[in-house]
Amino acid sequence: MSAALLTLAGIDGRQAGVIEAFLAASSSGQAQPEKLLENWGRPWRISAPGLEFKPFPTCAGTHSAAEAAQMLRQQWLAAGKPLDALLSQIVDITVAFPPGGDIAASISVPTHGIEARFSLEYVIAAMLIYGDLRLQDFAEGDLNHQIMPLAARVRRTPVNSAPPDAINPALRFHDVTLTLSDSTKLHQRRTRQQSLAESVDVNRKLQLALKASSPDLLAASELRSTADLQALGRAVLSAL
């Protein structure tokens with residue numbers, strides 16, 4: 001934004017040597033500028049491995065925890081047990097992960113819906129209650145106060161024996177354990193690799209995000225032309 005405002009004010013800068021100057025000032029003589037273009041576009045990352053679509057409207061660092069909670073909920077219901085019985089019996093929820101695995105999802109007690117996107121506690125509780133992460137629970141404005149009491153029972157427990165997240169984020173995982181009032185423990189582990197292996201229904205995600213949808217709008221979401229982009233932009237603005 002600052003760069004755009006400076007440009008509009010008629011202020012310009014150097015047209016050459018900018019990168020070289022930056023490298024010289026910040027690299028203590030260790031810069032290797034030739035590596036900037038090494039293997040450039042071979043392949044483009046947008047082609048391989050390709051785009052990664054998020055299944056939920058929350059920080060990606062919460063997703064495997066959300067899926068673990070979703071699986072526990074599904075297993076409970078598949079056994080013919082009522083959801084109310086599960087929610088009323090939960091006395092403690094732990095979520096375990098590699099050291100540093102919650103740096104992105106750093107907000108334990110959110111104060112509004114935007115912060116809730118970065119809260120493992122809120123995300124896990126929302127998934128247990130609703131079986132999905134609904135856009136309205138992560139929008140601007142107040143939190144869903146039906147979620148907060150259950151979120152308060154979630155405890156973070158880093159697994160110090162696991163490789164730190166910064167060393168190998170590909171090994172990221174979340175272990176979610178529910179402790180019930182009769183001391184029963186329900187446990188589910190979900191890894192980042194398992195999450196990435198699941199396909200995302202992009203059309204369904206679009207339908208849930210917009211107030212109204214149609215076959216024409218879903219076709220426009222493929223962005224095959226400028227007109228498609230304009231149509232989709234108008235639909236998104238009307239949904240806000």
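Helices here are DSSP runs of H or I with at least four residues, and strands are E runs of at least two, numbered from the N terminus. Keep in mind that you're working with a predicted model.

**Exercise 1. Overall build**

Task: Work out how many helices and strands the protein has, and decide whether it is a compact globule or more spread out than one.

Solution:
- Step 1. Count the elements: the protein has twelve helices and four strands.
- Step 2. Compare the radius of gyration with the globule rule. The protein comes out at 23 Å, while the rule gives 18 Å for 240 residues.
- Step 3. Since 23 Å is well over 18 Å, the protein is more spread out than a compact globule.
- Step 4. Add the extents: along the principal axes, the C-alpha trace spans about 70 × 50 × 35 Å.
- Step 5. Bring in the domains. Domain 1 takes in 60-197 and domain 2 takes in 205-235, and their C-alpha centres are 31 Å apart.

**Exercise 2. Surface, burial and charge**

Task: Find what share of the residues is buried, how much area the protein exposes, and how far apart the centres of the positive and negative side chains lie.

Solution:
- Step 1. Apply the cut-off: a residue is buried when its relative accessible area is under 20%. Of the 240 residues, 34% pass that test.
- Step 2. Turn to the surface. About 15,000 Å² is exposed, and 57% of that is supplied by carbon and sulfur atoms.
- Step 3. Tally the charges: 22 side chains are positive and 23 are negative, with the centres of the two sets 2 Å apart.
- Step 4. Check the contacts with a separation of 6 or more. Residues 24 or more positions apart account for 63% of them.

**Exercise 3. Helix 7 and its ends**

Task: Explain why helix 7 is described as largely enclosed, then look at what sits on either side of it.

Solution:
- Step 1. Helix 7 covers residues 120-130, and ten of its eleven residues are buried, so the rest of the structure largely encloses it.
- Step 2. Go through the buried residues; among them are Leu120, Glu121, Tyr122, Met127 and Ile129.
- Step 3. Look just past the helix: glycine 131 follows helix 7 and has a positive phi, near 80 degrees.
- Step 4. Now go to the other side. Arginine 117 sits in the loop between helix 6 (113-116) and helix 7, and with a relative accessible area of 27% this arginine is partly exposed.
- Step 5. List the partners of arginine 117. Leaving out residues up to four places away in sequence, arginine 117 touches Pro57, Thr58, Cys59, Thr62, Phe138 and Ala139. For phenylalanine 138, 21 residues along the chain, the C-alpha separation from arginine 117 is 5.9 Å.

**Exercise 4. Another arginine**

Task: Is arginine 172 buried or exposed, and which residues does it touch?

Solution:
- Step 1. Place it: arginine 172 lies in the loop between strand 2 (154-158) and strand 3 (173-180).
- Step 2. Classify it. Arginine 172 has a relative accessible area of 17%, so it is buried.
- Step 3. Name the contacts. Beyond four places in sequence, arginine 172 touches Pro98, Asp165, Thr191 and Arg192.

**Exercise 5. Backbone oddities**

Task: Find where a cis peptide bond occurs, and look up the phi of asparagine 39 and of serine 183.

Solution:
- Step 1. Set the baseline: most residues other than glycine have a negative phi, and most peptide bonds are trans.
- Step 2. Check omega. Arginine 42 and proline 43 are joined by a cis peptide bond, with omega about -5 degrees. Proline 43 belongs to the loop between helix 2 (18-26) and helix 3 (46-50).
- Step 3. Check phi for asparagine 39: about 60 degrees, positive although the residue isn't a glycine. Asparagine 39 is in the loop between helix 2 and helix 3, and is partly exposed at 47% relative accessible area.
- Step 4. Do the same for serine 183, which has a positive phi of about 75 degrees without being a glycine. Serine 183 sits in the loop between strand 3 and strand 4 (185-191), and its relative accessible area of 59% makes it exposed.

**Exercise 6. Proline 55**

Task: Where does proline 55 lie, and which residues does it touch?

Solution:
- Step 1. Proline 55 is in the loop between helix 3 and helix 4 (63-78), partly exposed with a relative accessible area of 33%.
- Step 2. Not counting residues up to four places away, proline 55 touches His63, Glu67, Val200 and Lys205.

Notes. Residues numbered from 1 in each chain as written. Heavy atoms only, no water. Rg over C-alpha atoms; globule rule 2.2 N^0.38 Å. Buried < 20%, exposed > 50% of the residue type's maximum accessible area, 1.4 Å probe, protein only. Contact = heavy atoms within 4.5 Å. Areas by Shrake-Rupley, 256 points an atom, 1.4 Å probe, with all protein chains shown as cover. Lys, Arg positive; Asp, Glu negative; His and termini not counted. Charge placed at Lys NZ, Arg CZ, Asp CG, Glu CD. Domains from an automatic or database assignment.
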